Amino acid sequence: MPITDQEIKDLKEKAMQIRMDIVDTTVAAGGAHIGGAMSMVEIMTILYFKYINVDPSNPQMEDRDRVVVSKGHAGVGVAPVLANKGYFPKEELMSFNQFNSPFGMHLDSMKVKGVDISTGSLGHGLPQSVGLALGARTQGKDWKTYCILGDGECNEGSNWEAAMAASHFKVTNLITFVDRNNLMIDGRTEDVMSLEPFADKWTAFGFIVKEINGHDYKELTEAIDFAHANTTDKPVLILCNTIKGKGIDFMEDDVKWHYGSIDSDLAVQAKASIEKMG
Amino acid sequence: MSEKTGTTWTVYDANTLSQAEIYGQVLCDLGEQHPKIVGLSADLAKSTKIGMFGDKFPDRFFNVGIAEQNLFGMAAGMARSGLTPFVSTMAAFVTMRAAEQVRTDICYQNLDVKIIATHGGTSFGAAGSTHHCTEDLSITRAFPNMTVLVPADGIETANAVKASLDYPGPVYIRIGRGFEPTYYKDEEYGFEIGKAVEINPGTDITIICCGVTVLQAAGAAKILQETDGLSVRVLNMHTIKPIDREAILKAVEETRRIVTFEDHNIHGGLGSAVADVIAESGKGCAFEKVGIPDCFCIVGYPEDLYSHYGLDSNAMIDKVREIMGKDFEEDENWDDEV
């Protein structure tokens, strides 16, 4: 389904709101993985507000599409999306990280409505996504599974075990995104543990790889539509080149904002930057 | 191989089929009745016998290759999709290679994944410590939501596999390599998850055992009765978690001496689970636990290893005599205690 200018405008507005909510949640939480939350906002926004079939009033709807955010530390970038989608009131985000809150920094599928899989420990999302997708196929269901990986987490060998399985079992009802923001806790991915030639690795593991700008709705739309129309027996991976901290000028592409705290003054600066993004 | 397709097992079947073949066949039978059951393994479909399910239901069986992390991750995803996965590989790879997937993907999300862990304890004796697994009960006991079963033989394995299907949440079923002799004659003895089975009544001392030690304990109790006139209670504690507190406390009260035998490190397994209950009761009780003495085991045939580590009937007889010889004030009055 090609995207219209009006849709892009609407998605941008939604993404701006989500970014503002991520900032507010980070302030309330006392600290969060804000950099990697910001880099995947467009991916999350287009999935939840253009593509996936879910019903916030019935979070366990049997034939809903499943979304697995494997980079579970970016929970602060997931919960505001779910709140904006209507799973729970936005005010609840203010309890993030607090004593006995349903919202820990790594979201718990048993406590947070709309979360299909608990993630946090890296390298767990893709294997479970392959299982979900195979589960749908085994039961003759049409719903799809969308998995969002971080690039740094692709150091974990379990991803490549799952990649082999996705290819071997021809799991084409799974669409995998990699949020390629080039940064991990200890520095640039290529300095800590190089991933390149990253696209070639996925291709070698049997995926069709579409490499795009992960902040561009037209490119995201084309890639997702391509994956939906895929009639080959190979799964599709969308390698999204992104900027960590996207939208907040003093955070962008700066490793120190993998995890950080912002006070209310800094939040004002952050929001001003987000607003300028348009 | 037997042509058996029924769902009830007898000593005849158990003697002609291995423990693992029995669960493979049980799973095939359950698979007929329950279309949501799927099977998974990691290049051990043949060794673990879950391949029998795969042969019968090729569209519901997934061999992921030698990749145990993905094995349990995929099982979790499948459970989340509404299926009931039975996963089988060697105990060492379930509980150590893929421990985090079992804990975080399956137990944390309280998913209906049933794990049949083969080659538990030292049952793969000659393979050495890379393939022994004398830590699994300790590891799985510490995972919230996990139920931990150690069937005594092939017949009890059949019961455990069937019971696990209706038991909510993840279940870990630890079996041996599959060639162990059987204790039970048939399935009709009242197997229930969480309830110990008293296989021999007794008032002088209680042996608490699980897995391969059950048959040995039954033999030891018989000889001790005949030669020493000792009345030895034997509890088959097939469920390590949730442990049957009531049966243990009853044994404390009524026999005042307890000894546990297990093919597992003495730390963290059956003996430790029993010790927790006794210690919390505040009741004095002569207590010993026998198992693998916190070491990496020597290699050898399993029967020789059981003998070496004090887990066969002869060693049990010696241990019971030793405990009975200890000075122990068994007539102490507990009425005024906390």
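Helix axes whose angle is under 35 degrees count as roughly parallel, over 145 as roughly antiparallel, 65 to 115 as roughly perpendicular, and the rest as oblique. Keep that in mind for α5(A) and α6(A): their axes, lines fitted to C-alpha atoms over the stretch in contact, come within 8 Å and cross at roughly 25°. The two helices are therefore roughly parallel to each other.

A word on the model itself: it is predicted, with local features needing pLDDT of at least 70 and side-chain atom pairs counting only at pLDDT 80 or more, while totals for chains, interfaces and linings use all residues. Residues are numbered from 1 along each chain as its sequence is written, and chains are lettered from A in the order in which they are written.

Back to the helix pair. On the α5(A) side, the contact (C-beta atoms, placed from the backbone, within 7 Å) uses Leu126(A), Pro127(A) and Val130(A). From α6(A) come, among them, Ser158(A), Glu161(A) and Ala162(A).

Where do α5 (125–138) and α6 (157–168) of chain A turn up again? They are the elements giving two or more residues to the side of chain A that touches chain B. In that interface, 24 residues of chain A meet 26 residues of chain B. α5(A) gives the most to chain A's side, with ten residues.

Now over to chain B, where the domain assignment, automatic or from a database, gives domain 1 (11–174) and domain 2 (197–324). Their centres, taken over C-alpha atoms, are 26 Å apart. Each domain puts 25 residues into the contact.

Conventions: Two residues are in contact if their C-beta atoms, placed from the backbone, lie within 7 Å. Helices (H or I, at least four residues) and strands (E, at least two) are DSSP runs, numbered from the N terminus. Axes are lines fitted to C-alpha atoms, for helices over the stretch in contact, and angles run from 0 to 180 degrees between N-to-C directions.
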